[in-house]
Amino acid sequence: MLNISGLNEGVVLDHIEAGKSLDIYFHLGLDKLDIPVAIIKNAKSKKMGKKDIIKIEGDVLDLIDFDVIGYIDHNITINVIKNNSIVEKKTVSLPEKITNIIKCKNPRCITSIEQELPHIFYLSDKENEVYRCIYCEEKRNKKK
């Protein structure tokens, strides 16, 4: 059995859908930070069958973009660790608006011409997880 030691202080992203931990790692910019990060892929889970887990050491809660996490997988639990104990559990939901997480694929959208414009999408249908570009209304289904 694989053993990853506990954290004295940090954040644990738990209940990540198996295979999505690297998306979260790169979208949060963790690859650019000089902090210890452990990624556990395909861990056994009674609730999910398999899951991914990300452990981030240090006082990093302010560095986490909850909208990124909510868009990629809104079933994640965020455990805040201090003095080797969970002091807070947070949950995320689908964000109402996302910026520069996904890109508009409409070739006639202003974002394909004005490349410095941010790619902003709003949640148009929560039940079906549909986002639309604020500039051209291009539809992006989150569900695969």
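The following dialogue examines how terms are applied to a predicted model.

Mentor: This is a predicted model, in which local features need pLDDT of at least 70, side-chain atom pairs count only at pLDDT 80 or more, and totals for chains, interfaces and linings use all residues. Residues are numbered from 1 along each chain as its sequence is written, and side-chain values use heavy atoms, with hydrogens and water left out.

Trainee: What makes tyrosine 25 and phenylalanine 26 an aromatic pair, and why is the pair called edge-to-face?

Mentor: Rings of Phe, Tyr and Trp (its six-membered ring) pair if their centres lie within 6.5 Å; planes under 30 degrees apart count as stacked, over 60 as edge-to-face and the rest as tilted. For tyrosine 25 and phenylalanine 26 the centres are 5.1 Å apart and the planes stand at 80 degrees, so the pair is edge-to-face. A search of the whole structure finds 2 aromatic pairs.

Trainee: Why is the pair of tyrosine 71 and tyrosine 131 called edge-to-face?

Mentor: Tyrosine 71 and tyrosine 131 lie 5.3 Å centre to centre with 75 degrees between the planes, so they meet the edge-to-face criterion. Tyrosine 71 belongs to helix H2 (residues 66–72) and tyrosine 131 to strand S8 (residues 130–133), so the pair ties together parts that are 60 residues apart in sequence. Helices (H or I, at least four residues) and strands (E, at least two) are DSSP runs, numbered from the N terminus.

Trainee: Why are tyrosine 71 and tyrosine 131 called buried?

Mentor: Buried means under 20% relative accessible area, exposed over 50%, and partly exposed in between (1.4 Å probe, protein chains only). Tyrosine 71 counts as buried because its relative accessibility is 11%, and tyrosine 131 counts as buried because its value is 0%.

Trainee: Which classes do tyrosine 25 and phenylalanine 26 fall into?

Mentor: Tyrosine 25, at 18% relative accessibility, is buried. Phenylalanine 26, at 48%, is partly exposed.

Trainee: What is notable about phi in histidine 15 and in asparagine 83?

Mentor: Histidine 15 has phi near 65 degrees, a positive value in a residue other than glycine. Asparagine 83 also is not a glycine, and its phi is positive at about 50 degrees. Histidine 15 is found in strand S1 (residues 9–17), whereas asparagine 83 is placed in the loop between S4 and S5. Histidine 15 is buried because its relative accessible area is 16%; asparagine 83 is exposed because its value is 64%.

Trainee: How do you know that S4 and S5 are paired?

Mentor: Two strands pair if DSSP finds at least two bridges between them. Strand S4 (residues 77–82) and S5 run antiparallel and are joined by 6 bridges, so the criterion is met. Isoleucine 81 has isoleucine 86, in S5, as its bridge partner.

Trainee: What supports the pairing of S2 with S3?

Mentor: S2 and strand S3 (residues 49–57) pair in the antiparallel sense over 7 bridges. The bridge partner of serine 45 in S3 is glycine 49, and a hairpin joins S2 to S3 through 3 residues.

Trainee: What makes S2 and S5 edge strands?

Mentor: The open sheet of 5 strands has the order S2-S3-S1-S4-S5, with antiparallel pairing. Strand S2 (37–45) and strand S5 (85–91) each have a single partner strand, so one side of each is left without a neighbour in the sheet.

Trainee: Why is leucine 22 called partly exposed, and which residues are in contact with it?

Mentor: Leucine 22 lies in helix H1 (residues 21–27), and its relative accessibility of 36% places it in the partly exposed class. Contact means heavy atoms within 4.5 Å; leaving aside neighbours within four places in sequence, leucine 22 is in contact with Ile39 and Lys41.

Trainee: How is the chain divided, and what are the bounds of its domains?

Mentor: The division is into domain 1 (10–91) and domain 2 (97–141), and domain bounds come from an automatic or database domain assignment. Their centres, taken over C-alpha atoms, are separated by 25 Å. Between them, 5 residues of domain 1 are in contact with 6 residues of domain 2.
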